[in-house]
Amino acid sequence: MPDSVSGRLFEAGSSRNAPAALGRDGGSLVLRTDAGAERLPPEGVASVSPALGRTPRRVALADGRVFETKDTDGIDRLFPKARGVLSGARGWTLGALAAATVAIMAATIVFVLPLAASLAAALTPSPVRSLIDSSALSTLRTIGLVEEGEGDPQDLEPQFGEMLRAAGEDPSDYRLIVVEAPRIGPNAFAMPGGTLVVTTDLIELLGRDELVLAVLAHEVGHVTGDHGLQLLYRALGLRAVIDGLTGGAGAGVDVVAENAGALLTLQNTRGFERDADAAAVDLLRRAGRRPEALAEALSLIREDCRACGEDSILSTHPGMEERIEAIRRLAAAPGEDQTAR
Ligand SMILES: [Zn+2]
C-alpha cells in the first residue's frame, strides 16, 4: 500500500489486539493484519478521533473493532475530509484545553502547592529533619563545598545559646556549626532540623559577634518558619503536579516545569527571606538585643557581594536593598504588627 499507517487493531469490546496497518488502495480503505488484507466498505468506518496532543488516534470501525495508532499525520493523510471538517473545532478545542491546563497549573502552583508543602513540612517528624540535616551536611562535605571547620574560634555557641534563652527559645533545638567553605564565601544557612551553618568567611567579614548573632537569628527564622522543608516539598510537588496534569508527555512540559520551578523558588525565597528577617527582628528584640544589627550585617554582606549578582547560584539572599530598608523600618517601629507588612 502506498500510504499505509501502522498501529494495532483491537477486537470489538476487548483489549485483545494485534499489529495492523490501515491504508488506501484505489480509493477504498484496506486493513491489513497477519490474517491478510480486508477491503473496508465506505460505511465501514464509524468515526475518526480528532488529534489531541500526543493522544493516539482511534479509527472506530462499524463492526466494533478499533484501529489505534500514534501516527497522527498518517491518519490525517488517510482521512483528509475528517481533518477538513474537524480542523476548526479541533483548533478551538486544543486552544481551550491548553488554556484550561495552564489555568489549572497556575492555580495549583499559587494556591495548592504552598498549602500542601507547609502541611507536609509541619507533619515531618523531627528524626526525619535531623536525617535531612546530617545527609545534607555530609553531601556538602563530600562535594567539597564545605571543609572541616576549625571549630568555633569566636566562641559563638555560648553567646548564641544565651541569646536564644533570653528570647525564651530552647537552645537544644539548634546546632551551630562553623565551617570553612572558601567556595561558598561569607554565608550562613539553616537546615530543616535546626542545624545552622556559618562560614568562617562570614564571621571574618562581619567582624563583630553582634552582627553574626543577628544573622543567626535570621537563620533561626528559617527553621521556625519551616522554609527549607517547604521549598523542598514544593519543588518535589511541582514536578508531580505538572506530570499529573499533562501525563508527563511533551517537550514543552519540561520548559514549563523548569520556568515555573525557578519562578516559584525565587518568589518563595524572597517571601521566606522577608519572613525570616521579621522573625529575626522579633527574636533580637525579645533577647534584649539591637534588631538594627541585622540590617548592618546585610549591608556588609551586600557590599562584599556586589559583584556576585542577584541571580548568581549562591545568592541565597536576594533583594538585599529592599530587605535592609524593611528591617530598618521594623526595627524603628517597636510593637508594630509585623505580619501586616
Ligand atoms: Zn535567609
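Why is strand β10 largely enclosed by the rest of the structure? Keep that in mind while you click around; what you have open is a predicted model.

**Stop one: β10.** Select residues 195-199 and show the side chains. Five of the five residues here are buried, so the strand is largely enclosed by the rest of the structure. Now look at the two sides in turn. In a regular strand, side chains alternate between the two faces of the sheet. On one side of β10 you'll find Thr195, Val197 and Thr199, and on the other Leu196 and Val198, all of them buried, so both faces are covered.

**Stop two: the neighbours of β10.** Add residues 175-179, which is strand β8. β8 runs parallel to β10, and five bridges link the pair. For a landmark, label isoleucine 177: across from it in β10 sits valine 197, one of the buried residues you just looked at.

Next, bring in β9, residues 188-190. This strand is antiparallel to β10, with three bridges joining them. Alanine 190 has leucine 196 of β10 as its bridge partner. β9 and β10 make a hairpin with four residues between the strands, and if you check the backbone torsions there, glycine 194 shows a positive phi near 100°.

**Stop three: β6 and its partners.** Jump to residues 57-61 for a contrast between faces. Strand β6 has a covered face made of Arg57, Val59 and Leu61, while Arg58 and Ala60 are on the uncovered one. Select residues 45-48 as well: that's β5, which pairs antiparallel with β6 through three bridges. Here serine 47 is matched with alanine 60 in β6, a residue from the uncovered face.

Then pick up β7, residues 66-69, which is antiparallel to β6 over four bridges. Arginine 57, from the covered face of β6, has threonine 69 in β7 as its bridge partner. This is another hairpin stop: four residues lie between β6 and β7, and glycine 64 in the turn has a positive phi of about 100°.

**Last stop: helix α10.** Select residues 320-332. These 13 residues reach 18 Å from first C-alpha to last, close to the 18 Å expected at 1.5 Å a residue. Which residues of α10 are buried? Colour Arg323, Ile327 and Leu330 to see them. They cover an arc of only 65° around the axis, which puts them on the same side of α10. Rotate to the face turned away from that buried side, and you'll meet the exposed residues Glu321, Glu322, Glu325 and Ala332.

Conventions:
Residues are numbered from 1 along each chain as its sequence is written. This is a predicted model: local features need pLDDT of at least 70, side-chain atom pairs count only at pLDDT 80 or more; totals for chains, interfaces and linings use all residues. A residue is buried if 20 or more other C-beta atoms lie within 10 Å of its own, exposed if 12 or fewer, and partly exposed in between; C-beta atoms are placed from the backbone. Helices (H or I, at least four residues) and strands (E, at least two) are DSSP runs, numbered from the N terminus. Two strands pair if DSSP finds at least two bridges between them. The expected span of a helix is 1.5 Å times one less than its number of residues. The arc is that of the directions from the helix axis to the C-beta atoms.
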